[in-house]
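Q: I'd like to learn how to read a few features straight off a model. Can we walk through some together?

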Amino acid sequence: MFKFVKNLIIDEKKRENNNNYENIEIGNSLEDKISMLKKILTGDDGIVYRRLQTKGPNSIKCSIIFVDSLVDTRKMNESVLRAVMETSIENKPTNRSTLDYFIEKIVSAGEITKSKDVDYIIGSILYGDTILMIDGIKEVLVIDTKGWKTRAICEPLSESNVRGPREGFTESIRVNISLIRRRIRSPKLKFNFRELGRETKTKVCLCYMNGIADKKIVKELITRLEKIDIDGILETGYIEEMIKDAPYSPFKTIGSTERPDVVCGRLLEGRVALICDGTPFVLTLPFIFIEYFQANEDYYKNYIYASASRLLRITSFFLATSIPAIYVSLVTFHQEMMPTELVMSISAAQQGVPLPTVVEALVMLLVFDIIREAGIRLPAPIGQTVSIVGALVLGQAAVDAKVISAPIVIVTAFTGISSFLLPKMLDALSIIRVVFVILASFLGLYGYIFGVMALSIHLISIRSFGVSYMSNIASLNGQEEKDMFIRAPWWKMYFRPRAIVKEDIVRKEDDSE
Amino acid sequence: MMKKIILLITIILSILLTGCWNYRELKELSIVTGMAIDKNKENGKYIVTVEITTPKGQKDINMISDVISIEGDTVFDAVRLLILKNGKRLYWPHAKILIISEDIAKEGIFPALDFVNRDAEVRADIRILMSKDCNARNILQGKEKIHDSISFHMNDMMDAKDAVQYFRDARLWSFLNEISSKGIAPTLPKTFVIESGDEVVPEINGTAIFREDKYIGELDGLETKSFLIIIGEAKEGIYVIKDIGGSGESVTLESFGIKSKIKPEMVNGQLIVKIKVEMDASIGEITGIIDFMDDGKRKMLEEASREQIKKRLEDVIKKAQQEYDSDIFGFGNEIKYNMPNMWKEIESEWDDKFKEIKTEVDVSIQIKRSALLSKPIKKGD
């Protein structure tokens, strides 16, 4: 019922909003064309209409149209404006050859296309191209003069590292592509552009290694992208949410990163990247669970330390999800499972504290999340104040005033610190541990184990673009385990991950013989 | 849609209606750390005494222990009546020590042990002791400076048993095993109080010997040491060897590895239990100036130690056989495992047979080290 009404409204809206330029015929004369464009772009004062002429006896009347703020003015002046105005035309060429003459002899820009598609022309103007219209010719020239200020390439804030490249993606898709292309100079690397968003017409680029990436995954991604129908895409998060598998799961099934080296590493492992104009975050897919634990730095530093820190991250996943639940179940159900000394000290700390342990745990987890959230969106100088106030006031003072007990502060702090080892999983972790605490408060360790089982079942049931989310976790294949819980030395990693790559599996020839 | 609603209600109800099964806050528990069982001779009621340790203070934790006791018709009855005095239910899993009075032990220990064995909250590895010459509750009521809780103090003492070896560590489960086994007589460590000035201090020393579940006699601390060597529970320890080779000097041997084996054998149609003890020792202390690491002297020392230790072992066996007629060493079990056919024959009359069984003690001692000094301290040449 609701669905039907919703569809009805959407259809109506679509009909109203659809700026259908396809039916508009482009005129021959300059005046026709200018007035037509002016009519479509009416009210936009940022658009510059400039009439000009070539020199010589058979001078040709032209007009250029561009958006002031989007074009590189110097480039436009040199390659279009001056070029046209300083050309002297002796013999009047035919209509057909005039365009070619302009393209070949006059305009000196790198990319020029002929077009009489009004939709395309409008789009180009609004994306920083210059339109050159010639009197008496139906087709117009679309000249690439894009040039606007972009943020400089700098170290990505969300993923800092000690060893490794310091470059991060920017908001410009062209810069981002250059960052990837510069690292992989192989003809196999393909970039495939398309537009998403009815109004924003955001440029999106599909990027994969031909022959390494599974064709089925590329095809599936394209079909999913084609189904997207939305007015605007402002960030890859929009796309991620609309095409991801297991949409209700707190876990990611599509990876995102700000680092070009990470994207290149994943491309070489047969994954597909999706770059979107306007955001430094690039999607990579398929995404499997173990990628949460793989940091780019693992691959740059000594493999022993890399393996150790990866094991540490896996341990901290367990700690960050389970410590509060285990604490609650031990203290409220299984006091006999703790050593007597621990029972005594926890019992001492709880004397005079009014709240039950479960409520204490839930309140402290909530407080921790509040402090964390407060720190994220504040400007850096204030952010530090928040953590000091949070740690001192809520930690020290609350314990001294016997509002909460000291062990639960320790438990929460430890849980929080553990979860910081997995920055990409923070959100999922904070949900899981609360669920676990609630289960533990009903049934003790029994309930906690139920939670763990449910979580395992959920994780195992997820697939990301046809690849099992937990693939290789339980594999007995030595080659596949080399980049799972540990990171084997590079001279031992012969194959790309088999779960993702289907064809060109060999990463490195075995040269041991 | 209807199905979903029903499913949702089922889930919510299954969570809400269960209540908090077994949910109890730690701070609301009265943690029992020690228990003593006495019997009132006049009316035959049991007197159960518990030590409840409550930690106080958030930063500097002080253990405050309260000892409360009450009479009841049975042990369980008394345990429940304790709530009248304490106000809260008692929490048993952390109880360390269970003391049974001598009076109960003489009459038979089973009635007192049934509750602790049957109840789920008391652990099977609770330590059992027998109070000697005093009421069991007097021990928990003693004063101890080192620990705030008597039970913790006694527990620590028993943890350090390997270094002292004046008593044996008996757990509830091992004691019950020994009672129910025919081939071994149960033993318990003995505890009593020492009055020094106005302070009453508990001490553990010696072994109480049982026949079935009745207390019949005891070994003192030194005898217990030998007893522990025979049953193989002594792994290390110190042994003072006196008057070596008539020199009048004493050497203290510190042993790091003691192996002992009880092996019954048929020799000429007669059952002989052979006890073989191997000991690695080092010289821990010399009271005189003789250098016993010298080859000849070392032989002498080894010889003397072998003689003396062998004598001690033989004395203990003799005492068990003749004085108490109680197979505390588990000879019966060894026969059962090594000669099952033989055991079937003698099982029914083992209690009488044990007294007459021949034993052969073989001790070998090797002195290998002399701690940090290679030669004893000398007076100026």
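Q: Which backbone atom lies 3.2 Å from a polar atom of the side chain of B:D213?
A: In this predicted model, look at B:F110: its backbone nitrogen sits at that 3.2 Å distance from the B:D213 side chain.

Q: Where does B:D213 lie in chain B?
A: Find the loop between strand 8 (199-211) and strand 9 (214-219); B:D213 is there.

Q: Is B:D213 buried or exposed?
A: Buried means under 20% relative accessible area. B:D213 comes in at 10%, so it counts as buried. Setting aside neighbours within four places in sequence, B:D213 touches B:A105, B:G108, B:I109, B:F110 and B:I179.

Q: Now the surface. Which residues form a nonpolar patch there?
A: That would be B:M1, B:M2, B:I5, B:I6, B:I9 and B:L13, together offering about 650 Å² of accessible area. Take B:I9 as one of them: this residue lies in helix 1 (residues 2-16) of chain B.

Q: Why is B:I9 called partly exposed?
A: The label goes to anything between the 20% and 50% cut-offs. B:I9 has a relative accessible area of 46%, so partly exposed is the right call.

Q: Zooming out, how is chain B divided into domains?
A: Domain 1 covers 25-219 and domain 2 covers 232-376. Over C-alpha atoms, their centres are 32 Å apart.

Q: And how many residues of each domain are in contact with the other?
A: In general, the size of an interface is often given as the accessible area lost when the parts come together. Here we have residue counts: 16 from domain 1 of chain B in contact with 22 from domain 2 of chain B.

Technical notes
Residues numbered from 1 in each chain as written. Chains lettered and ligands numbered in written order. Predicted model: local features only at pLDDT ≥ 70, side-chain atom pairs only at ≥ 80, totals over all residues. Heavy atoms only, no water. Patch = residues over 30% accessible without salt bridge, like charges linked within 9 Å, V, L, I, M, F, W, Y side chains within 5 Å. Areas by Shrake-Rupley, 256 points an atom, 1.4 Å probe, with all protein chains shown as cover. Salt bridge = Lys/Arg side-chain N within 4 Å of Asp/Glu carboxyl O. Helix = DSSP H or I, 4+ residues; strand = E, 2+ residues; numbered from the N terminus. Buried < 20%, exposed > 50% of the residue type's maximum accessible area, 1.4 Å probe, protein only. Polar contact = N/O pair within 3.5 Å; in protein donor to acceptor, adjacent residues only side chain to side chain. Contact = heavy atoms within 4.5 Å. Domains from an automatic or database assignment.
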